[in-house]
Amino acid sequence: MQTTKARAKWLKGGNYPMWELSHPDTRVKVWSDRPHDCAAYLIHTFVLLEQIEGREVEKVVSAS
């Protein structure tokens with residue numbers, strides 16, 4: 001299984017560097033000061049689990 005990369009956008013202002021991360025396969029957006037770690041979390045928690053659940057539904061439909 002393969003997925004596209006998460007996208008990080010630097011947020012201006014404030015005292016600390018913050019990034020907004022998003023992914024084309026989910027509407028969830030997360031904010032973090034560590035974009036690499038947060039991108040891995042976003043893909044694992046939201047994108048991959050949705051793709052796995054989608055595949056399980058496809059298997060059930062095609063089996064019946």
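This passage walks through the fold, the sheet and the nonpolar core of a predicted model.

Starting with the overall layout, the chain holds one helix and three strands, and these come in the order β-β-β-α along the sequence. Of its 64 residues, 19% are buried. The accessible surface adds up to about 5,300 Å², with carbon and sulfur atoms making up 56% of that. As for how the chain folds back on itself, among contacts with a separation of 6 or more, 23% link residues 24 or more positions apart.

The strands line up as an open, antiparallel sheet, ordered β1-β2-β3. That puts β1 (7-11) and β3 (26-32) at the edges, each with pairing on one side only. On average, neighbouring strands in the sheet are turned by 20° against each other, ignoring direction. Between β1 and β2 (residues 18-23), which run antiparallel, there are five bridges. A pair of tryptophans turns up here: Trp10 has Trp19 in β2 as its bridge partner.

Then there is the core. The largest nonpolar one brings together seven residues, namely Ala6, Leu21, Val30, Cys38, Ala39, Leu42 and Ile43. Helix α1, spanning residues 35-63, is the top contributor, supplying four of the residues. Leu42 is a core member worth a closer look. With neighbours within four places in sequence set aside, Leu42 is in contact with Ala6, Leu21, Ser22, His23, Thr26, Val28, Val30 and Val47. Among these partners, Ala6, Leu21 and Val30 also belong to the core.

Methods. Residues are numbered from 1 along each chain as its sequence is written. This is a predicted model: local features need pLDDT of at least 70, side-chain atom pairs count only at pLDDT 80 or more; totals for chains, interfaces and linings use all residues. Side-chain values use heavy atoms; hydrogens and water are left out. Two strands pair if DSSP finds at least two bridges between them. Helices (H or I, at least four residues) and strands (E, at least two) are DSSP runs, numbered from the N terminus. Axes are lines fitted to C-alpha atoms, for helices over the stretch in contact, and angles run from 0 to 180 degrees between N-to-C directions. A nonpolar core is a set of buried Ala, Val, Leu, Ile, Met, Phe, Trp, Tyr and Cys residues joined through side-chain atoms within 4.5 Å. Buried means under 20% relative accessible area, exposed over 50%, partly exposed in between (1.4 Å probe, protein chains only). Contact means heavy atoms within 4.5 Å. Accessible areas come from the Shrake-Rupley method with a 1.4 Å probe; for residues, only the protein chains shown count as cover.
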